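Ready for a few short exercises? Have a look at the structure below, then work through the tasks at your own pace.

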Amino acid sequence: MLDHAGLQPGLRVLELAAGPGETGFLAAELTHPGGSLVCSDATEEMLDVARARANELGIKHVEFKRIELEWIDLDTASVDVVLCKWGLMFSTDPEASLREMRRVLRPGGRVSIAVWDGPLQNPWATIPTRAMVELGHTTQPDPDAPGMFALAPPGRLQDVLEAAGFLDVLVESVEPPRAFDSVAEFIAETHDLSSMFSELFDPLSDEQRAQVVARVTELAQRFVGADGKLRLPARSLVAAADA
């Protein structure tokens, strides 16, 4: 994302759906001196995490702001770069969100976005859900609803960017590593990071939880190496375009 963002000193960067803010903080370093960052998320809880992280890292010139993707509370043509990592696919209207991104970008500004590729390319994400579905604790997610894989179909991400008015759209795939010392570590991280999984898992009885852990372990077993480490495939789509 950062390679395609065209970052340089003095630019103003907006990160949307920032979560802990890691991508934006890296961008802030690349736009120093003279640059600034608007770190935004839809929830104050995540902004608190990002504030603490920025303080820990000593990141300066950062404004923290609660912003929804579908309505960006910033002036028109007020930023040079927009970043959004793994957030756009959860928007109720991705094209409207992209139009808002284009509105707040200065002419010639740059957007850089990451979304997840399809479920077959991301078993690290589908294995826990599959276990829950098979054991009757939830239903199969609606593939047409906003969600992790909403922008994964071939050509979909490029289409919505072009429909929102962006030019010279580039889409490529990357494979971020998803490695764990054990299946147990994978399950623990999923519980910590996925509210959907933890909200289903926590109310279960001890016996039901054990069944979920056993099924996840069984489904993940083919990705366990001879050294006992779990290496799960993952693939993300990264897109960049000009305003």
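Here are three exercises with worked solutions on this predicted model.

**Exercise 1.** Work out what span helix H4 should have, and compare it with the distance between its end C-alpha atoms.

*Solution.* Start with the residue count: H4 covers residues 123-134, which makes twelve residues. Next, apply 1.5 Å a residue, multiplied by one less than the number of residues; the expected span is 16 Å. Finally, check the model: the end C-alpha atoms lie 15 Å apart, which agrees. Just after the helix comes Gly136, with a positive phi near 80°.

**Exercise 2.** Find the buried residues of H4 and name what they pack against.

*Solution.* First, take under 20% relative accessible area as buried. In H4 this picks out Pro123, Trp124, Ala125, Ile127, Pro128, Thr129, Ala131 and Met132. Then look at their surroundings: these buried residues pack against strand S5 (105-116) and helices H6 (183-193), H7 (195-201) and H8 (206-220).

**Exercise 3.** Decide whether strand S1 is largely enclosed or not, and place Leu14 in its setting.

*Solution.* Begin with burial: four of the five residues of S1 are buried, so the strand is largely enclosed by the rest of the structure. Now add its partners. S1 runs parallel to S2 (residues 36-41), with four bridges joining them, and four bridges also join S1 to S4, again in parallel. In S4, Val82 stands opposite Leu14. Beyond its sequence neighbours within four places, Leu14 has contacts that include Val38, Ile67 and Val104. To finish, turn to the largest nonpolar core, of 51 residues: Leu14, Met101 and Phe166 have the most contacts inside it.

Terms used:
Residues numbered from 1 in each chain as written. Predicted model: local features only at pLDDT ≥ 70, side-chain atom pairs only at ≥ 80, totals over all residues. Heavy atoms only, no water. Helix = DSSP H or I, 4+ residues; strand = E, 2+ residues; numbered from the N terminus. Buried < 20%, exposed > 50% of the residue type's maximum accessible area, 1.4 Å probe, protein only. Contact = heavy atoms within 4.5 Å. Core = buried A, V, L, I, M, F, W, Y, C linked by side-chain atoms within 4.5 Å. Pairing = 2+ DSSP bridges.
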